[in-house]
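User: I should like to go through this model by asking on what grounds each description of it rests. Please set each value against the criterion that applies.

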Amino acid sequence: MSKKLTDFLQNYLKKKSIFKNKKALQSNYTPKNVPYRGEQINQLAGILAPALRMEKPSNVFIYGRPGTGKTLVARHVINDILKIAKENNINIKTVYLNCKLKKIADTEYRLIAQISREFEENVPATGLPTDEVYKIFLRSLEKKKQILIIVLDEIDQLVKKIGDEILYNLTRLNSELKESEVSFVGISNDLIFIDNIDPRVKSSLSEEEIVFPPYNAIQLQKILRQRSSLAFFDSIIGDGVIEKCAAYAAREHGDARRALDLLRVAAELVERKNEEKIIVDYIDKAEEKIERDKVFDVVIAQPKQYKLTLYSTLQLCNGNNKGIFTGDIYNTYRENCSRCGIKPLTQRRLSDIIAELDMLGIINAKVISKGRYGRTREISLAIPEATVENINQVLKEGLGL
DNA sequence: CGAGATTCATGTGAAGTATACCTTTAGGCTTAA
DNA sequence: AAGCCTAAAGGTATACTTCACATGAATCTCGTA
């Protein structure tokens, strides 16, 4: 190890961190109290409380824009219920699942398999019939009398992808159970989601509804202050920093997660620069970085073929801002395939991949008709200009080009 | 000139295929009585 | 004879391919004013 590096690491260890508890700013942190969500907490607690008497709670749907505290409130209420249940020896179990996660809960099979794994069942990734997995799950649930509360986050994404039949199957679960009972808490960012599903399913799965309004700037400030007092040592935050974070996040339909991310990333930048105070300028830098990282993380998590498709799109968009079409991308894609020795997929499949990249918000794809010249998707990038080059770089390396 | 037919390039649905993995079953081998 | 291992048979989910038909406005065609 070089002298320089050793020194750096030594110093790093000695240096006092500006964070008291960095976790308090991370998005999966559950604070002790949740400001401005008292009403929603009471509603949800009221709905779920019957579980403590071993009665099945009503199913609930929770709606609200991103970053309005839906997941947080659900976690909070459930934690408390679990705590009380434990103190009083009541048999309640809860499962939290994010339906958006690729390869984990993005199909009916995987969803049920994942829930079953929470019961220490060993369910293979493929090979079993889906109803067999249902049986494993039900059997496991019936081993002893209990109330199960399943929280399905971003359930709208799942239904968009595989259709609403799964919801119907979920509603029927209780009729197969003798001892235990299951309740669902569905969380959705899409406010009109429930209107587009089968009315029968709707009535049984959405017995109750809770709506989360966005936070306003004042509320965001309060939240930020509360969390930052947990996260930082005193007097680290400069004037106007909190206000600016709140203002930026309020602009994005009151997204508290974004506000907290801004503050955290800004602090990380400060720390890395060996400075001691967060000043307003860092918020702008943080904003840029978040924007960049957000796309980065999504892109990096994609399978190879998706990356290659995106890379080809990037190539075509570069410097050429008149619309590009599916056919163009496919040609470029094929070239790139042969360059890095990957077997090309069919255009049919690429069409689906483009649609998925569109859903992920990395590109904008709109089906248009060019009249005499056919029908196609008109595609443009949804990535901020400044990050294109970076992403291009990462893709290039990832694909060995 | 304008209504209706044509056309193109690809969207899109359905069905088929490859792969990877599962359970069941039957046969063969080992083991212990 | 009982127990265990292995391989074949028969099954599924998922990602992808193949096939076939659907789309929809620019362009073409042709009858009419």
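Analyst: The model is predicted. Between domain 1 and domain 2 the count is one residue pair in polar contact, with both residues at pLDDT 80 or more. Across the interface of domain 1 and domain 2, zero salt bridges are found. The side of domain 1 that touches domain 2 divides into two nonpolar, two polar and three charged residues.

User: What are the bounds of domain 1 and domain 2 in chain A?

Analyst: The domain assignment gives domain 1 as 3-25 + 215-298 and domain 2 as 38-212, with domain 3 covering 302-399. The contact takes seven residues from domain 1 and six residues from domain 2. The C-alpha centres of domain 1 and domain 2 lie 34 Å apart.

User: What is the area buried between domain 1 and domain 2, and which residues supply 71% of the area on the side of domain 1?

Analyst: The size of an interface is often given as the accessible area lost when the parts come together. Here the buried area is about 480 Å², and carbon and sulfur atoms give 45% of that area. Y215, H253 and R257 supply 71% of what domain 1 buries against domain 2, more than any other three residues.

User: Why is the pair R251 and E287 called a salt bridge?

Analyst: The criterion is a side-chain nitrogen of Lys or Arg within 4 Å of a carboxyl oxygen of Asp or Glu. The closest N and O atoms of R251 and E287 are 3.1 Å apart, so the pair meets that cut-off. R251 belongs to helix α10 (residues 241-251) and E287 to helix α12 (residues 280-300), so that the pair links distant parts of the chain, 36 residues apart. By this rule the count comes to 16 salt bridges.

User: What makes T130 a polar contact of DNA strand C?

Analyst: A polar contact requires N or O atoms within 3.5 Å. A polar side-chain atom of T130 lies 2.6 Å from a phosphate oxygen of DNA strand C, and therefore the pair qualifies. S369 places a polar side-chain atom 3.3 Å from a sugar or linking oxygen of DNA strand C. In the case of G371, a backbone N or O atom lies 3.1 Å from a base nitrogen of DNA strand C.

User: Which residues are the closest to DNA strand C, and how many surround this strand?

Analyst: DNA strand C is surrounded by 21 residues, the closest being T107, T130, T346, R349 and R375. Of the atoms of DNA strand C that come within 4 Å of the protein, sugar and phosphate account for 77%. The surface near DNA strand C divides into six nonpolar, eight polar and seven charged residues. Helices α4 (108-118) and α15 (347-359) each supply at least two residues of this surface.

User: How do you know that R377 makes a polar contact with DNA strand B?

Analyst: A polar side-chain atom of R377 lies 2.9 Å from a phosphate oxygen of DNA strand B, which is within 3.5 Å, so the pair counts as a polar contact. G327 has a backbone N or O atom 3.0 Å from a phosphate oxygen of DNA strand B. A backbone N or O atom of R372 lies 3.0 Å from a sugar or linking oxygen of DNA strand B.

User: What surrounds DNA strand B?

Analyst: There are 16 residues around DNA strand B, and T326, R348, R372, G374 and R375 are the closest. Sugar or phosphate contributes 68% of the atoms of DNA strand B within 4 Å of the protein, and bases the rest. The residues of this surface divide into three nonpolar, nine polar and four charged.

Definitions and conventions:
Residues are numbered from 1 along each chain as its sequence is written. Chains are lettered from A and ligands numbered from 1 in the order in which they are written. This is a predicted model: local features need pLDDT of at least 70, side-chain atom pairs count only at pLDDT 80 or more; totals for chains, interfaces and linings use all residues. Side-chain values use heavy atoms; hydrogens and water are left out. A residue is near a molecule or strand if one of its heavy atoms lies within 4 Å of it. A polar contact is a pair of N or O atoms within 3.5 Å; within protein, one must be able to donate a hydrogen and the other to accept it, and residues adjacent in sequence count only if both atoms are side-chain atoms. Helices (H or I, at least four residues) and strands (E, at least two) are DSSP runs, numbered from the N terminus. Ala, Val, Leu, Ile, Met, Phe, Trp, Tyr, Cys and Pro count as nonpolar, Asp, Glu, Lys and Arg as charged, and the others, Gly among them, as polar. Domain bounds come from an automatic or database domain assignment. Contact means heavy atoms within 4.5 Å. Buried area is the accessible area (1.4 Å probe) that two parts lose on being put together, summed over both.
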